[in-house]
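Here is a walk through one structure, taken in stages. Keep the sequence and the 3D view open while reading.

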Amino acid sequence: MAFTCELRQKTVSLSGPITMILEELDLLKDKKLVAISKFHPVQKKYSVERLAGGIFLSKKKLREYKEMTVFFDKSRELTSVFKKAKLKNTIEIMTRGKDPFLTVNDLFLTLKTHLKKCEGDILKLQKKYDLIEKGLTLPLFMHESIFYLGAIKNKLPHLIIGADGFILSLSKLEYFKTYPTKLAYVPWSKKIMNQFKHLIHIGLEDSATNQLTQKILALNKINLAYRGVFIPGVRQIYFLQNLSQVQR
């Protein structure tokens, strides 16, 4: 007899990485999931309440979650708000400096005590992600690439995605070269740009679908759009999987 994965207690997710994992585990329809952020790009419509954001919640609303488990992405402001509201079980999710695969493993460890009958589902997903990581590759023309926070329009976006998220996974590929920085996001320098010989500029934006869409702007400039591309964890794993199939 197959067991159905479920939450152990009433839960609120203000964390994008957690919500995306709950979606993978088909738990967004679990009745014990009370609310998620409306900014989390879930694909289907669920009856779960959608919240505008933690720091904007009223004291009255927060009191409703006093006995619930509340996941939230690392935030000094939210930590202060929840402390003042005397929420009893808040769990801060920290993903900075981790690649998507490590992020997902850590999320599963965090969720372990908050789920029941999910071991089989989690094991299947972990095996799936391991295969994606082992098969990770990039098209030849992307071997020298810089990824930007936002789509390329009349000019290049101000910020480059540096040593964070999916870039950390790509940086493990021996042939991949990108903007040299230890920062998660950094303004670009023309002097450093000139050090590249075959540089491809890639603008990134979120979309509503799981299909990676491409818009070629010039020989060395393209925009890519993918659902949840900026959310650390599982959505970035699937983005990496799709990235290997991009052609021009």
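Which residue forms a salt bridge with Lys61? The partner is Glu49, and the closest N and O atoms of the two are 2.8 Å apart. The model shown here is a predicted one. Lys61 belongs to helix H2 and Glu49 to strand S4 (residues 49-51), so the contact ties together parts that are 12 residues apart in sequence. Lys61 counts as buried because its relative accessibility is 18%, and the limit for that class is under 20%. Glu49 has a relative accessibility of 30% and counts as partly exposed.

This pair is one part of a wider set, since the structure holds 12 salt bridges. Another joins Lys88 and Glu67, with the closest N and O atoms 3.1 Å apart. Here the link is between distant parts of the chain: Lys88 sits in the loop between H3 and S6, Glu67 sits in the loop between H2 and strand S5 (69-73), and 21 residues separate them. Both Lys88 and Glu67 are exposed.

A further salt bridge is formed by Arg96 and Asp164, whose closest N and O atoms are 3.8 Å apart. Arg96 is in the loop between S6 and helix H4 (100-111), and Asp164 is in the loop between strand S9 (159-161) and helix H6 (166-170), so this pair ties together parts that are 68 residues apart in sequence. Are the two partners buried or exposed? Arg96 counts as exposed, at 61% relative accessibility, whereas Asp164 is buried, with a relative accessible area of 9%. Elsewhere, salt bridges with shared partners connect Glu6, Asp30, Lys32, Lys116 and Lys117 in one network.

Charge also gathers on the surface. A patch of positive charge is made up of Lys59, Lys60, Arg63, Lys66, Lys84 and Lys86. Which helix gives the most to the positive patch? Helix H2 (residues 59-63) does, with 3 residues. This is the helix that also holds Lys61, the partner of Glu49. Another member of the patch, Lys86, is placed in the loop between helix H3 (76-84) and strand S6 (89-93). Lys86 has a relative accessible area of 59% and is exposed, because that class begins at values over 50%.

The next stop is a set of paired strands. Strand S8 (residues 145-149) has 4 of its 5 residues buried, so the rest of the structure largely encloses it. S8 pairs with strand S11 (residues 200-206) in the parallel sense, over 5 bridges. Two positions show how the strands line up. Ile146 has His201 in S11 as its bridge partner, and Phe147 stands opposite Ile202 in S11.

S11 is likewise covered: 5 of its 7 residues are buried, so this strand too is largely enclosed by the rest of the structure. S11 also pairs with strand S13 (residues 221-226), again in the parallel sense, over 6 bridges. Which residue in S13 is the bridge partner of Ile202? It is Ile222. Ile202 is thus opposite Phe147 and also has Ile222 as a partner in S13. In general, side chains in a regular strand alternate between the two faces of the sheet.

Not every nonpolar side chain is covered. Leu149, Tyr185 and Phe230 form a nonpolar patch on the surface, and together they have about 230 Å² of accessible area. Tyr185 is placed in strand S10 (residues 185-187). With a relative accessible area of 33%, Tyr185 is partly exposed. Leu217, found in strand S12 (residues 213-218), counts as partly exposed as well, at 36% relative accessibility. To give a sense of distance, the C-alpha atoms of Leu217 and Asp73 are separated by 34 Å, and the two residues are 144 residues apart along the chain.

The last element on this route is helix H8 (residues 234-243). How many of its 10 residues are buried? The number is 8, and the helix is mostly covered. The buried residues of H8 are Val234, Arg235, Gln236, Ile237, Tyr238, Phe239, Leu240 and Leu243.

Technical notes. Residues numbered from 1 in each chain as written. Predicted model: local features only at pLDDT ≥ 70, side-chain atom pairs only at ≥ 80, totals over all residues. Heavy atoms only, no water. Patch = residues over 30% accessible without salt bridge, like charges linked within 9 Å, V, L, I, M, F, W, Y side chains within 5 Å. Areas by Shrake-Rupley, 256 points an atom, 1.4 Å probe, with all protein chains shown as cover. Salt bridge = Lys/Arg side-chain N within 4 Å of Asp/Glu carboxyl O. Lys, Arg positive; Asp, Glu negative; His and termini not counted. Charge placed at Lys NZ, Arg CZ, Asp CG, Glu CD. Buried < 20%, exposed > 50% of the residue type's maximum accessible area, 1.4 Å probe, protein only. Pairing = 2+ DSSP bridges.
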